[in-house]
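Colleague: Please take one close look at a single part of this model for me, explaining each term as you go. Which residues line the largest pocket?

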Amino acid sequence: MATPLGLLAGTLERFLYFYMIILFIRILLSWFPTINWYDPPFSYLSQLTDPYLNLFRSFIPPLGGIDFSAIIAIFALQFGYQVIIPLLGSMSQVF
């Protein structure tokens, strides 16, 4: 029988995995200056990723036209994926 913390860990793991893929696609597409971010499907991608990226852009400004906030955002997702999910998984076995 699955515990609530185990279900939370599994759901969070899947969410972070898919969000990481979406974030990578957004970052790769930002290399193409001709993309109009106001037209679908790019506007949907922008709406999903920009609020998260803006958290990091608020304290890491672009330097020389390079947005380093995306790197920090990916590190934060990796931290969640590699530290928080196993921690929740181990806690679900205790309770």
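Modeller: What follows begins with that pocket and then moves outward to the helices around it.

This is a predicted model, in which local features need pLDDT of at least 70 and side-chain atom pairs count only at pLDDT 80 or more, while totals for chains, interfaces and linings use all residues. Residues are numbered from 1 along each chain as its sequence is written, and side-chain values use heavy atoms, with hydrogens and water left out.

For the protein chain, the mean pLDDT (the predictor's confidence in each residue, from 0 to 100) is 88, and 97% of its residues reach 70 or more. Confidence is highest in α2, at a mean of 93, and lowest in α3, at 86.

The largest pocket (on a 1 Å grid over the protein atoms alone, an open set of points where a 1.4 Å probe fits, with protein on both sides within 12 Å along at least five of seven lines) holds about 250 Å³ of space, a volume being the space filled by probe spheres set on the points. Its lining residues, those with an atom within 4 Å of a point, are Arg26, Ile27, Ser30, Trp31, Leu53, Arg57, Gly65, Ile66, Asp67, Ala70, Ile71 and Ile74. By class, seven of them are nonpolar, two are polar and three are charged; Ala, Val, Leu, Ile, Met, Phe, Trp, Tyr, Cys and Pro count as nonpolar, Asp, Glu, Lys and Arg as charged, and the others, Gly among them, as polar.

Three helices (DSSP runs of H or I, at least four residues, numbered from the N terminus) take part: α1 (4-29), α2 (42-57) and α3 (69-94) each supply at least two lining residues. The largest share, three residues, comes from α3. Between α1 and α2 runs a loop that holds proline 41, and the peptide bond leading from proline 40 to proline 41 is cis, with omega near 0°.

Ile27, Leu53 and Ile74, listed in the pocket lining, also belong to the largest nonpolar core (buried Ala, Val, Leu, Ile, Met, Phe, Trp, Tyr and Cys residues joined through side-chain atoms within 4.5 Å). That core has 15 residues, of which Leu23, Ile27, Tyr52, Leu53, Ala73, Ile74 and Leu77 touch the most other members. The elements giving two or more residues to this core are α1, α2 and α3. Leaving aside residues up to four places away in sequence, alanine 73 is in contact (heavy atoms within 4.5 Å) with Leu23, Tyr52, Leu53 and Phe56.

Phenylalanine 56 sits in helix α2, and its relative accessible area of 12% is why it counts as buried, the cut-offs being under 20% for buried, over 50% for exposed and in between for partly exposed, with a 1.4 Å probe and protein chains only. Beyond its neighbours within four places in sequence, phenylalanine 56 touches Ser69, Ile72, Ala73 and Ala76. From the C-alpha of phenylalanine 56 to that of serine 30, 26 residues apart along the chain, the separation is 16 Å.

Two residues of α1 extend the picture, namely alanine 9 and glutamate 13. Alanine 9 is buried, because its relative accessibility is 5%, and, not counting residues up to four places away in sequence, alanine 9 touches Ile85, Leu88 and Gly89. Although alanine 9 and proline 86 are 77 residues apart in sequence, their C-alpha atoms are 7.6 Å apart in space. Glutamate 13 is partly exposed, since its relative accessible area is 34%, and, with neighbours within four places in sequence left aside, glutamate 13 contacts Tyr81 and Ile85.

Lastly, glutamine 93 is found in helix α3 and is exposed, with a relative accessible area of 69%.
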